[in-house]
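Let's take a walk through this fold, starting at a pocket and ending up at the sheet and its helices. Have the structure open as you read.

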Amino acid sequence: MVLSKTASESDVSIHSTFASRYVRNSLPRFEMPENSIPKEAAYQIINDELMLDGNPRLNLASFVTTWMEPECDKLMMESINKNYVDMDEYPVTTELQNRCVNMIARLFNAPLGDGEAAVGVGTVGSSEAIMLAGLAFKRQWQNKRKAQGLPYDKPNIVTGANVQVCWEKFARYFEVELKEVHLREDYYVMDPEKAVEMVDENTICVAAILGSTLTGEFEDVKLLNDLLVEKNKQTGWDTPIHVDAASGGFIAPFLYPELEWDFRLPLVKSINVSGHKYGLVYAGIGWVVWRTKTDLPDELIFHINYLGADQPTFTLNFSKGSSQVIAQYYQLIRLGFEGYRNVMDNCRENMMVLRQGLEKTGRFKIVSKENGVPLVAFSLKDSSRHNEFEVAETLRRFGWIVPAYTMPADAQHVTVLRVVIREDFSRTLAERLVADFEKVLHELDTLPARVHAKMANGNVKKTPEEMQREVTSYWKKLLETKKTSKNTIC
């Protein structure tokens, strides 16, 4: 479903720059045109509009892969017309997905015997993967409560307030209470002790994040597991853990192999990971794997027979393309463990170059840790004249897309900028970005503090926290008014 609104009700036509060559009449913007137009005209009109999009390589807000090798691009184009759900027609594609599931499960140390197949599925991203994992936890909990003759109408999940919005979607769509552990300044991940305190008999699982969207930090899954083991012993419950490794699942095994966060911990029952992030595939692929077959209730699985074999399927959507599955298999066999480790090492080194460059300016406080997802989250040491939203907006003139945002409860007064380091972000780009930050700060320093002047309220003196919240609110509204064309929510 797409919800959209128009930027201008009066601007109802699309005008071609090349009208004299291709088409003489303008096209309706929000209605299907009455007549056909030449294919060259259709291409040119759309291509011209897309020129106004940002450059994906300079979009430092996104974790999603923006570059792949030409050979993989070719494979994806050759399979773009394959519908993955048609397993009868495309059995090899299904086999490639099964190979990916088994490789990823073993990467996450699933307790598989010799020749034993892993339990998991490819999805359109980590959002679908989390929905499937959440449904499995909910059904497991309901089945146990029914067998015990206990109420099963008030399930809940415990997470940190730093979780991605897909967890809120799951809770709302599937009627599960979301119990969030609030953050605090200088501690922007879920506190395992507070999380375990919030667990009760209706908790279907505790969700830990391996790579917070806000700061890239890994939550302490090992401590969470140990504390939850003790609570389960005391209460007789068996509350499990899900690890949302959307960003960190393809980082930790290569950079931090000794870190215990995966199926080595007994309470971790399922893990999701985004193939289109540090799995190094274009947008549209995620994975979810379960510890054992018993952790995925059979009533949620549909079985399809083809070519004389049973093919279980567990997805929310039906049709989807095969290209991303094939691309993921390409990356896994092309790079291997060595290749992924080299890519992640390089990302971390470039992250350190950027981090050190920003620190040398003397203007920023680094909020993110050195370990975790290779990103740099930072805030201005002095925001009395200009704030992070102004820096992000001014930086766009150099082509960079760097987000500014406020932290969740209870750290809303903290505003940060964040730069995600992907495979295609080089050391040269890191050094250039630091230089552009310095140019932006110098430019802002020469300007009057217009925002603060506008928000001065007589002689009423405000605290720095109140002023920061007002400035943040002002710039959020300002950025929203600058959006053009359609604002679309997918």
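Helix α3 is the top contributor to the lining of the second largest pocket, putting in four residues. Keep in mind that this is a predicted model. The pocket in question holds about 720 Å³ of space. Its lining runs to 31 residues, and the ones closest to the centre are Gly120, Ile301, Pro312, Thr313 and Phe314. Besides α3 (91–107), the elements that each supply at least two lining residues are β4 (119–123), β11 (302–306) and β12 (309–313). As for chemistry, the lining has 19 nonpolar residues, nine polar and three charged.

Now follow β4 into the sheet. It belongs to an open sheet of seven strands with mixed pairing, ordered β4-β10-β9-β8-β7-β5-β6. β4 and β6 (177–181) are the edge strands: each has a single partner, so one side of each goes without a neighbour in the sheet. On average, neighbouring strands are turned by 20° against each other, ignoring direction.

Further in, β8 (241–244) and β9 (268–274) run parallel and are joined by four bridges. One residue to look for is His242, whose bridge partner in β9 is Ser270. Our pocket helix turns up again here: α3 packs on the sheet, touching β4, β9 and β10 (286–290), with its direction at about 60° to that of β10. Another helix, α5 (165–173), lies across β5 (156–160), β6, β7 (203–209) and β8, running at about 145° to β6.

Finally, have a look at α4 (126–147). At 1.5 Å a residue, its 22 residues should span 32 Å, and the end C-alpha atoms are 31 Å apart, which agrees. After α4 comes Gly149, with a positive phi near 70°.

Notes. Residues numbered from 1 in each chain as written. Predicted model: local features only at pLDDT ≥ 70, side-chain atom pairs only at ≥ 80, totals over all residues. Heavy atoms only, no water. 1 Å grid on protein atoms, 1.4 Å probe; cavity = no way out; pocket = protein on both sides within 12 Å on 5 of 7 lines; lining within 4 Å. Points joined across faces, edges and corners; volume = space filled by probe spheres on them. Nonpolar A, V, L, I, M, F, W, Y, C, P; charged D, E, K, R; others polar. Expected span 1.5 Å × (residues − 1). Pairing = 2+ DSSP bridges. Axes fitted to C-alpha atoms, helices over the stretch in contact; angles between N-to-C directions. Contact = heavy atoms within 4.5 Å.
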